[in-house]
Amino acid sequence: MAMVEVSGLRAGYGAHVVLALDRFNVEAGQHTLVLGPSGCGKTTLLNVISGIALTISGDILVDGQRVDKMRPSRRDQFRGRHIGFVLQRLHLVSALSVFDNLALAQRLAGFPVDAARIESVLSQLGIADKKHTSPGKLSQGEAQRVAIARAVINRPALILADEPTAALDDDNCDAAIELLFTQAREHGATLLVATHDRRIRPRFSQVLELQKMSAA
Amino acid sequence: MNAMHIAFPLALAYLRDRLLATCLNILLLALGIATIVSLLLTLSQAEQRMDRDAAGIDLVVGAKGSPLQLILSSVFQVDIPTGNIPLVEARRIAGDAMVRKSVPLALGDSYGTFRIVGTTPDYLSLYAAEIHSGRVWSRPMEVIVGAEVAARKGLQLGQRIAGNHGLTETGAAHTDKPFEVVGILKPTGAVIDRLVLTAVDSVWAVHTHQPVDQGDVLPDDEKELTALLIQYATPLAAASFPRRVNAISGLQAASPAMEIARLFSLLGFGIGALKLFAGIMMVCAGLGIFIGLSNALDDRRADLALLRLLGASRTTVFLTILVQGFALGMAGVILGLALGHAGTEWMAQVLPQVRGLGFTGWTWISQEGMVAGGALLLALLAGCVPALRAYRDTGNANAIPELLGQR
């Protein structure tokens with residue numbers, strides 16, 4: 001079954017098309033890499049899949065549902081419940097503790113706060129002791145683990161990761177990607193990673209290579 | 001409802017995160033509210049107090065001078081008297097057909113900070129004052145004391161007290177001619193609570209240099225009173241009676257109602273300026289909230305985009321900001337009301353100028369509701385602008401990636 005189905009896609013800002021994609025499918029469990037230089041539209045691809053950017057034309061299905069056709073509020077909720085995000089800049093809410101960051105993700109998805117779930121995800125990632133810490137006091141590695149914890153907390157079917165390894169050295173890069181794979185397997189999610197980082201290419205069975213579109 | 005469920009704790013977390021700015025916002029608003037509230041409390045109690053003290057007194061007759069001073073000294077017992085009037089004149093006025101009741105006052109001495117007033121038992125009936133224990137004076141040098149005098153000085157029946165000359169605490173004491181406390185009054189909430197009352201004869205006796213028991217101390221034509229409090233027999237008297245009194249040399253008539261009105265119109269400018277000042281403080285507080293929330297919004301644009309990414313509706317984002325304004329307003333109102341009431345109570349207890357006027361901070365007036373409502377509205381308004389900006393900024397197509405710094 002297809003987790004993501006993209007067809008006839010054109011996306012960009014206003015009339016300026018930065019991404020054109022005739023057909024792109026990701027099967028459930030088929031972790032996929034979107035590879036290309038900056039400006040090739042890989043972030044845009046993730047954004048239209050998650051519904052935070054609009055398409056110019058084309059169809060987007062996630063888990064069998066047309067995210068591009070949903071009402072905005074429905075789309076917000078769908079995104080919160082079915083898609084987890086790992087962003088290049090981690091964007092943890094600094095005013096909240098690690099625990100509350102995860103609780104916030106549960107609430108925003110419309111779920112009740114499940115403390116046991118938060119504890120178990122944090123201990124899987126080896127940061128259970130950081131529960132009450134403020135994100136500003138975490139090391140880079142710990143912060144990344146919290147970001148991954150937040151991505152999987154609602155058991156999403158799809159995890160979108162934007163440049164998760166770009167800022168990391170080789171060792172940390174391996175560790176981060178290992179963590180993503182482990183967590184995706186653990187929670188039954190499909191990974192879709194966008195990056196220009198060729199180091200992680202061998203780990204993926206499906207790779208979509210995008211080129212920067214010519215000015216035409 | 002779910003949006004509020006998310007926005008409320010998040011708003012509180014954001015406020016806690018910038019604690020210093022939050023506290024300053026709250027404090028500034030609270031100070032503005034406290035200023036207005038204590039002003040309103042004091043004014044309303046002063047007005048109430050004056051109305052009660054002047055109730056039943058249509059006219060005051062005293063020596064020529066400032067009519068306001070005459071009213072202040074003889075009705076409210078705060079200023080020094082304008083002078084004295086001859087007893088014979090006072091008797092003529094009291095006997096006029098237009099006068100139903102006249103109460104003589106002889107001032108000049110005090111007991112500590114409390115005035116000793118020579119008068120007749122009619123003065124008690126002006127304030128419907130009742131005896132708590134003991135009896136009314138029957139001879140010179142017997143006094144009854146107001147409830148507050150008794151409480152503050154711990155006076156008992158039969159106790160002897162010495163007056164001091166003048167209306168301040170520092171006058172020379174008349175220790176050679178002590179008064180005997182024969183009665184204590186029940187509290188009335190009026191000026192009489194703070195007075196020591198005695199026969200007019202007692203005052204005359206204290207101010208001559210003869211022993212008290214030698215009968216009449218002065219010939220009648222040398223005796224003087226400070227003022228006469230008058231109740232008209234008919235409302236028509238107001239038209240002609242004061243004019244007739246004023247025609248008598250050395251005498252003037254003043255109406256408490258008119259002088260109170262004049263006093264408040266004189267104070268009006270000062271009161272208005274204070275209200276304006278407090279109002280400006282509140283508006284500044286509102287601006288402070290607006291600036292604080294706007295700055296915080298600039299710092300947290302990525303956070304708000306993240307909320308949207310994680311599934312928050314635009315309404316949730318809007319409420320997250322608006323609730324911060326509301327919470328600041330609410331905290332400011334609560335703290336401001338507490339400060340205003342506690343401050344008024346403190347002033348009433350501690351400041352010598354108002355101590356003894358029986359003011360209290362532990363009372364509520366309806367205008368406070370308007371002040372509180374106005375402050376809340378101001379805070380909501382101050383929160384509304386950045387909230388709307390956040391609503392707009394996170395709503396445009398492609399805005400979220402931009403706020404997340406993806407391009």
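In this predicted model, Q211(A) counts as exposed because just 9 other C-beta atoms sit within 10 Å, and the cut-off for exposed is 12 or fewer. Q211(A) belongs to the segment that follows β9 of chain A. Leaving aside residues up to four places away in sequence, Q211(A) touches G36(A) and C40(A). As for N47(A), 164 residues away from Q211(A) along the chain, the two C-alpha atoms are separated by 17 Å.

That segment leads back to the chain A sheet. Five strands make up this open sheet, in the order β6-β7-β8-β3-β9, and the pairing is parallel. At the edges are β6 and β9 (206–209) of chain A, each of which pairs on one side only. Going from one strand to the next, the twist averages 15 degrees.

Strand β6 of chain A, residues 83–86, is covered on both faces. In a regular strand, side chains alternate between the two faces of the sheet. Here I83(A) and F85(A) are on one side, G84(A) and V86(A) are on the other, and all of them are buried. The partner strand is β7 of chain A (residues 158–162), which runs parallel to β6(A) and is joined to it by four bridges. Within that pairing, G84(A) has I159(A) as its bridge partner, while F85(A) is matched with L160(A).

Helices pack on this sheet too. Helix α1 of chain A (residues 42–50) lies across β3 (32–35), β6, β7 and β8 (190–195) of chain A, and runs at about 150 degrees to β7(A). Helix α5 of chain A, residues 140–152, also packs on the sheet, where it touches β6 and β7 of chain A. The direction of α5(A) makes about 170 degrees with that of β6(A).

Besides the sheet, α5(A) has a helix to pack with: α3 of chain A, residues 98–108. The axes of α3(A) and α5(A) are 9 Å apart, and the packing angle is about 25 degrees. Since angles under 35 degrees count as roughly parallel, that is the label for α3(A) and α5(A). Their crossing is right-handed. On the α3(A) side, V98(A), N101(A), L102(A) and A105(A) do the meeting; on the α5(A) side, the residues are V146(A), A149(A) and R150(A). Sorted by class, this contact comes to five nonpolar residues, one polar and one charged.

Chain B offers a helix pair of its own. Helix α2 of chain B (residues 19–54) and helix α9 of chain B (residues 256–299) have axes that come within 8 Å and cross at roughly 165 degrees. With angles over 145 degrees counted as roughly antiparallel, this crossing makes α2(B) roughly antiparallel to α9(B). The handedness of the α2(B) and α9(B) crossing is left. By class, the α2(B) contact with α9(B) includes 22 nonpolar residues, five polar and one charged.

Helix α9 of chain B turns up again around helix α3 of chain B. Residues 67–74 form α3(B), which is mostly covered, with six of its eight residues buried. The buried residues are P67(B), L70(B), I71(B), L72(B), S73(B) and S74(B). What these residues pack against is a mix of strands and a helix, namely β1 (59–63), β3 (99–111), β12 (227–232), β13 (251–254) and α9 of chain B.

Notes
Residues numbered from 1 in each chain as written. Chains lettered and ligands numbered in written order. Predicted model: local features only at pLDDT ≥ 70, side-chain atom pairs only at ≥ 80, totals over all residues. Buried ≥ 20, exposed ≤ 12 C-beta atoms within 10 Å, placed from the backbone. Helix = DSSP H or I, 4+ residues; strand = E, 2+ residues; numbered from the N terminus. Pairing = 2+ DSSP bridges. Axes fitted to C-alpha atoms, helices over the stretch in contact; angles between N-to-C directions. Parallel < 35°, antiparallel > 145°, perpendicular 65-115°, else oblique. Left-handed = near helix turned anticlockwise from the far one by under 90°. Nonpolar A, V, L, I, M, F, W, Y, C, P; charged D, E, K, R; others polar. Contact = placed C-beta atoms within 7 Å.
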